[in-house]
Amino acid sequence: MVKGFRGTVTDFPGFDASSDAEALYTAMKGIGSDKEAIVELVTSRSNAQRQEVAAAYKSLYGKDLIGDLKYELTGKFERLIVSLMKPPAYHDAKEIKDAIKGVGTNEKCLIEILASRTNKQIHDMAAAYKDAYGRDMEADIVGDTSGHFKKMLVVLLQGTRDESGVVNADLVGEDARELYAAGEEQWGTDEASFIMLLGNRSINHLRMVFDEYQELTEKSIEDSIKSELSGDFERLMLAVVQCIRSVPMFFAKRLYKAMKGLGTADNTLIRIMISRSEIDILDIRECFRLQYEKSLYNMIKDDTSGEYKRTLLQLCGGDDDLAGEFFPEAAQIAYKMWEISAMTKVQLRGTIHAASGFDPGSDAKALRKAMKGFGTDEDTIIEILAHRSNAQRQEIRQAFKSSLGRDLMKDLKSELSKNLCRVILGLMMTPAEFEAKMMKKAMEGAGTDEHALIEILVTRSNQEIQAMNVAFEEAYKKSLEDAITSDTSGHFRCILVSLVQGAREEGPADINKAMEDAQELGDACNADSSEMEIKFMSILCNRSFPHLRRVFQEFVKCTNKDIELIVKKEMSGDFKNAVLALVRSVKNQPGYLADRLYKAMKGLGTDDRALIRIMVSRSEVDLFNIRKEFKDTHDVSLHEFIQGDTSGDYRKALLLLCGGED
């Protein structure tokens, strides 16, 4: 990894503490204050220089600079400027104090700081806490936390991680096997082993342990932690692992979560921008661009305002959407991310399973009773159908007709209303019938739901697509390909037609071929747009997903560019959206679908069709994985999001499909 300074704030050349103190005094003298002058001066001096300015201010005017700044400034801008004026250890100490004072604890703040700081930073923070508050930081944290979460925090608070950089090759395998034995191999988890190893071993050593663990288990350490641990302890251990893999990527994710959606977590935004401005904000910027769809600079610009925004942008230091290529650190991280993606074999888990003691005849009678007479017993209908597998529902459908001479689908349609009806009818169809209907709905009427067409076709297997083709033709007396051809145009039509063939290669990656494909994609980036799109389509629509993960990894090496950023910059419209969806689905399909669910519910109004489509179609495939990705990416559970965005029996049905709270 690249070492050395990767910040944006440096020592100011020709620095004069007394002159700066005079300038700040002038900026705050009289009615109002010259905020622009304050921002310009404070953000262009290093923290060490700011401490000299504060000392000079007191010597010249007999006043406390921080006190005057607090008096003159207000709100988020005041907090940001005042925090910049504190020494780093005292700033961290105050954040810890704020996290544990009053009712409730800000566990996310504790996790972020203690998982990411070096031994020296932790020792300095503890000393600053003692000096500022006359209390022992460890004792205060212990008194405010509990369980394994508390134990891991105490380990991190010791600041005793091995920082020698020396790796004992024999110990790597031993540690990987111990982690496996402590979690995946047994019922229950030996949390003590996780705490000891992840809290004390060196960064370089643990990176090798994680690689060895993945070879041993065919599962990433992150996936194991998600399946074995829970709550704040799970979040803390994931944060430690993320920091071991890449501190800049950890902070990029924290910054994104602080600004996405409605409202901004300003305290988190301020804390990270200040604490990393003289350490690694350049790498955080690049990781941010790598992970998300815009630069950190532009996200801050869109999410903040006034002098507060101006100060944050000064700390950020530049717009990476203009850069085009990776910094060395980010290129290595990107390559490693694709390598992890290529190695990982995710165990897909649904939330709906076959019911034990199943009796289709009994269920058919119960459903008929729930719909007979005045009013409908929606609770019984939901309870039965949301706790049966699709195969069992098909048996109920048959038993209903055999024993009662009635069409269950027609009865349900006449008894239920709106979105609840859509959910229940979706559950009662076979997967192929449901997919065919969703494709039809996406193309009928005045407009086309291109996002639905893309989502379905980029996430289904060859067998699922072929079954959907058969079901579509049977239901609508027209081939799905013909329907797509008549409803779309240009290269977007071509990519959909290619995908709807269901003829993607299957099997593992061919390393040599992956290097060739990556080079072809790299060369295509220099061709005209039409030729580029055709080349991307020919490779992305036909190679197996494991192979494409290797292709995207090698693409980083041969171009030093991010394939997602290339697609965003060089392509446009629905074709661009389809290619981006393919890339994201190749990288992490549950993550892609989690993002689709988030977009279906965030903001004003709900895209109920997308919500129902994903919840129904993935309930027996990978909805548990999608749930985990949703919580990890958006910092809120899917269960909680559905609960806040829907209502009544519709909500009850969706929550049963969701399968639980994370």
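# A tour of selected helices, ring pairs and loops

Select E435 to start; this residue is found in helix α27, residues 431-443. The model on screen is a predicted one. With a relative accessible area of 8%, E435 is buried. Show its surroundings next: beyond its neighbours within four places in sequence, E435 is in contact with I456, R460, M468 and S617.

One of those contacts, I456, is among the buried residues of α28, so move there. Select residues 450-459 for helix α28. How many of the ten residues of this helix are buried? Eight of them are, so α28 is largely enclosed by the rest of the structure. Colour the buried set to see it: A452, L453, I454, E455, I456, L457, V458 and T459.

A second covered helix is α18, residues 281-291. Here ten of the eleven residues are buried. The buried set consists of I281, L282, D283, I284, R285, E286, C287, F288, R289 and L290.

**Helix pairs**

Now display α31 (residues 490-500) together with α36 (residues 573-601). Their axes are 8 Å apart, and the two helices pack at an angle of about 35 degrees. The crossing of α31 past α36 is left-handed. To see the contact, show side chains for H491, F492, I495 and L499 on α31, and for D574, F575, A578, V579 and L582 on α36. Sorted by class, this contact has seven nonpolar residues, one polar and one charged. Looking along either helix, it may help to recall that an α-helix has 3.6 residues a turn, so residues three or four places apart point the same way.

Keep α36 on screen and add α35, residues 563-570. The axes of α35 and α36 come within 9 Å and cross at roughly 175 degrees. Which way do α35 and α36 run relative to each other, roughly parallel or roughly antiparallel? They are roughly antiparallel, because angles over 145 degrees count as such. On the α35 side, select I563, E564, V567 and K568; on the α36 side, select K576, V579, L580, V583 and R584. By class, the α35 contact with α36 has five nonpolar, no polar and four charged residues. V579 appears in this list, and V579 is also among the α36 residues that meet α31.

The next pair is α39 (residues 638-645) and α40 (residues 648-658). Their axes are 10 Å apart and the packing angle is about 175 degrees. These two helices are therefore roughly antiparallel to each other. From α39, pick L638, H639, I642 and Q643; they meet R651, L654, L655 and C658 in α40. The classes in this contact are five nonpolar, two polar and one charged.

**Aromatic rings**

Switch to the aromatic side chains. The count of aromatic pairs comes to 13. One of them is formed by W338 and F552, an edge-to-face pair with 5.1 Å centre to centre and 65 degrees between the planes. W338 lies in helix α21 (residues 328-343) and F552 in helix α34 (residues 545-559), so the pair ties together parts that are 214 residues apart in sequence. Are these two rings' residues buried or exposed? W338 counts as buried at 4% relative accessibility, and F552 is buried at 0%.

For a group of rings, select Y25, Y57 and Y61, which ring pairs link into a cluster.

**Backbone stops**

Two residues are worth a look for their phi values. Most residues other than glycine have a negative phi. K477 is not a glycine, yet its phi is positive, about 55 degrees. Find K477 in the loop between α29 (462-476) and α30 (480-487). At 68% relative accessibility, K477 counts as exposed.

The second is N560, in the loop between α34 and α35. Its phi is near 60 degrees, again a positive value in a residue other than glycine. N560 counts as partly exposed, at 26% relative accessibility.

**Last stop**

Finish at M515, which lies in helix α32, residues 511-524. M515 is partly exposed, with a relative accessible area of 44%. Then select A54 as well and draw a distance between the C-alpha atoms: M515 and A54 are separated by 56 Å, and they are 461 residues apart along the chain.

Note on methods. Residues are numbered from 1 along each chain as its sequence is written. This is a predicted model: local features need pLDDT of at least 70, side-chain atom pairs count only at pLDDT 80 or more; totals for chains, interfaces and linings use all residues. Side-chain values use heavy atoms; hydrogens and water are left out. Axes are lines fitted to C-alpha atoms, for helices over the stretch in contact, and angles run from 0 to 180 degrees between N-to-C directions. Helices (H or I, at least four residues) and strands (E, at least two) are DSSP runs, numbered from the N terminus. A crossing is left-handed if the near helix is turned anticlockwise from the far one by less than a right angle, and right-handed if clockwise. Contact means heavy atoms within 4.5 Å. Ala, Val, Leu, Ile, Met, Phe, Trp, Tyr, Cys and Pro count as nonpolar, Asp, Glu, Lys and Arg as charged, and the others, Gly among them, as polar. Angles under 35 degrees count as roughly parallel, over 145 as roughly antiparallel, 65 to 115 as roughly perpendicular and the rest as oblique. Buried means under 20% relative accessible area, exposed over 50%, partly exposed in between (1.4 Å probe, protein chains only). Rings of Phe, Tyr and Trp (its six-membered ring) pair if their centres lie within 6.5 Å; planes under 30 degrees apart count as stacked, over 60 as edge-to-face and the rest as tilted.
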